[in-house]
Amino acid sequence: GLIEITTATAGSTGTSGHISVATGSAGVGHSGGIDITSGNAQGGAAGSIALQVGTSDTGNGGDIVVAAGTASGASDNGGQVSVTAGKAIGTNGIGGSFVLNAGEGTTGTGGLVTIQSGKGAATSSGAITISTAIAGTSGISGSISLLSGTSAIGDTGEISIQTGEAS
């Protein structure tokens, strides 16, 4: 069956409604979780989950923010954000791809991709590891490529690797 939760369309000068899904706070103990899942499929494809912001003709496009929780206990860790592509278990299947693209600028510059480790306010910052997985018994491990794009006019972009300054 279909479950659809929508707000009414705004008038010519109004704002459309807001949808909030939240669990309650817990004074002592754990707060509840929120699960968004599509069902398993036999004989067909499993359903997709899409998070998408609508377009805007005046003003910036809306954001999608995914943030893990803060931990305030002395030895507690902040929450983890984990995104994993699908596993292929068929004979000739290929695992799902993980694609991270910044937005296109039709007449301006395209968006940035920034990957930055966490700051340690009183200690070390976090590490960044880029690696390919080990190969199976009859294959080779994957490649790592760093490429700058082509340019129709002028220089292409730089690739720069450097360490920070020590004080």
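**Exercise 1. Compare the radius of gyration of the protein chain with that of a compact globule of 167 residues.**

Solution. The radius of gyration is taken over C-alpha atoms, and the globule rule is 2.2 Å times the number of residues to the power 0.38. For 167 residues a compact globule would come out near 15 Å, whereas the protein chain has 22 Å. As a next step, look at the C-alpha trace, which spans about 55 × 50 × 45 Å along its principal axes. The model is a predicted one, in which local features need pLDDT of at least 70, side-chain atom pairs count only at pLDDT 80 or more, and totals for chains, interfaces and linings use all residues. Residues are numbered from 1 along each chain as its sequence is written, and side-chain values use heavy atoms, with hydrogens and water left out.

**Exercise 2. State what share of the 167 residues of the protein chain counts as buried, and then classify valine 113 and serine 117.**

Solution. Buried means under 20% relative accessible area, exposed over 50%, and partly exposed in between (1.4 Å probe, protein chains only). By this rule 1% of the 167 residues count as buried. Valine 113 has a relative accessible area of 49%, so valine 113 is partly exposed. Serine 117 has 23%, and therefore serine 117 is partly exposed as well.

**Exercise 3. Find the residues that valine 113 and serine 117 touch, leaving aside neighbours within four places in sequence.**

Solution. Contact means heavy atoms within 4.5 Å. Valine 113 is in contact with Leu100 and Ala102, and the C-alpha atoms of valine 113 and alanine 102, eleven residues apart along the chain, are separated by 6.0 Å. Serine 117, for its part, touches Ser125, Gly126, Ala127 and Ile128. The C-alpha atoms of serine 117 and asparagine 92, which lie 25 residues apart along the chain, are separated by 36 Å. Finally, among contacts in the protein chain between residues at least 6 apart in sequence, 0% join residues at least 24 apart.
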